[in-house]
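Here is a short report on one protein. Keep the sequence and the 3D view open as you read.

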Amino acid sequence: MIHEILPVGPLQCNCSVIGDESTREAMVIDPGDDIEDVLAIVEKHQLKVKQIVITHAHIDHVGGAMKLRARTGAPILLNQNDYALLKMLDMQAAWLGMAPPGKVDIEGELAHDQTLRTGGLAANVLHTPGHTEGSVCLYFPAEKVLIAGDTLFARSIGRTDLPGGSYEKILSSLHARVMALPDETIVVPGHGPGTTIGEEREENPFLRRG
Ligand SMILES: [Zn+2]
């Protein structure tokens, strides 16, 4: 599996380019901004982008999606519980002092337990509400890699004080769906450094028992 992680935009959202080494088909996850840099990675590996996957509808994760769609023709996928948040992108842009990205067209849903396939790669969609209602994580079982969006960070968890956030829901999503993954799972959070499920089980102050 080809996997490049590129922090994009002023909030340095971790955008992932994930490709199949034999078919050269790829998915791009969370193209928040800096689409020329994302496309440079795609071209470097001679990939063809088949899917644009959005972990949740915050502007730093979805802001560049339409630009990437225009350049690749790939459909944009989002969990339906974040459609309402997607309609507030201009307001999100104003809060952050960013240029409004305009309307984003969603062409496919990310439902819980769905398997997303690109070439020979397969990812399980985990619906993990809490940071937002429609937050999802993507788990690649063969490679034991988790793209965690803003649900789990190294030694922290996603904030829940924004519209649609819920502390109870993020904790139950984490315990029921994320921490159920094997300890050796490599976690790529939506911002900041990578970690593993095992490390977070031991060290994350929000997840330790007791
Ligand atoms: Zn977010």
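Glutamine 46 counts as exposed, at 62% relative accessibility. Here buried means under 20% relative accessible area, exposed means over 50%, and partly exposed lies in between (1.4 Å probe, protein chains only). This is a predicted model: local features need pLDDT of at least 70, side-chain atom pairs count only at pLDDT 80 or more, and totals for chains, interfaces and linings use all residues. Residues are numbered from 1 along each chain as its sequence is written, and side-chain values use heavy atoms, with hydrogens and water left out.

**Backbone angles**

Glutamine 46 sits in the loop between helix H1 (35–44) and strand E4 (48–53). Helices (H or I, at least four residues) and strands (E, at least two) are DSSP runs, numbered from the N terminus. Most residues other than glycine have a negative phi. Glutamine 46 is not a glycine, yet its phi is positive, about 50 degrees. Lysine 144 is not a glycine either, and has a positive phi of about 50 degrees. Its loop runs between strand E9 (136–140) and strand E10 (145–149). Lysine 144 is partly exposed, with a relative accessible area of 29%.

**Two buried loop residues**

Now look at the loop between helix H6 (167–178) and strand E13 (186–189), the place of threonine 185. Methionine 179 is found in the loop between H6 and E13 too. The table gives values for these two residues.

| Residue | Relative accessible area | C-alpha partner and distance |
|---|---|---|
| Threonine 185 | 0%, buried | Threonine 196, 5.4 Å |
| Methionine 179 | 9%, buried | Leucine 207, 8.8 Å |

Along the chain, threonine 185 and threonine 196 are 11 residues apart. Methionine 179 and leucine 207 are 28 residues apart in sequence. What does threonine 185 touch, not counting residues up to four places away in sequence? Its contacts (heavy atoms within 4.5 Å) are Tyr139, Lys144, Val145, Leu146, Thr195, Thr196 and Ile197. Under the same sequence limit, methionine 179 touches Leu174, Ile197, Glu200, Arg201 and Leu207.

**Helix H5**

Which residues of helix H5 (residues 89–96) are buried? They are Leu89, Gln92 and Ala93. These residues cover an arc of only 100 degrees around the axis, so they lie on the same side of H5. The arc is that of the directions from the helix axis to the C-beta atoms. An α-helix has 3.6 residues a turn, so residues three or four places apart point the same way. On the other side of H5, Ala94 and Trp95 are exposed. The cover over the buried residues of H5 includes helix H2 (59–62) and helix H4 (83–86). Just after H5 comes glycine 97, with a positive phi of about 70 degrees.

**The whole protein**

Step back to the full chain. The protein holds seven helices and 14 strands. Its 210 residues would give a compact globule a radius of gyration near 17 Å, and the protein agrees with that, at 16 Å. This radius is taken over C-alpha atoms; the globule rule is 2.2 Å times the number of residues to the power 0.38. Along the principal axes, the C-alpha atoms fill a box of roughly 50 × 40 × 25 Å. Of the 210 residues, 52% are buried. Among contacts between residues at least 6 apart in sequence, 59% join residues at least 24 apart.
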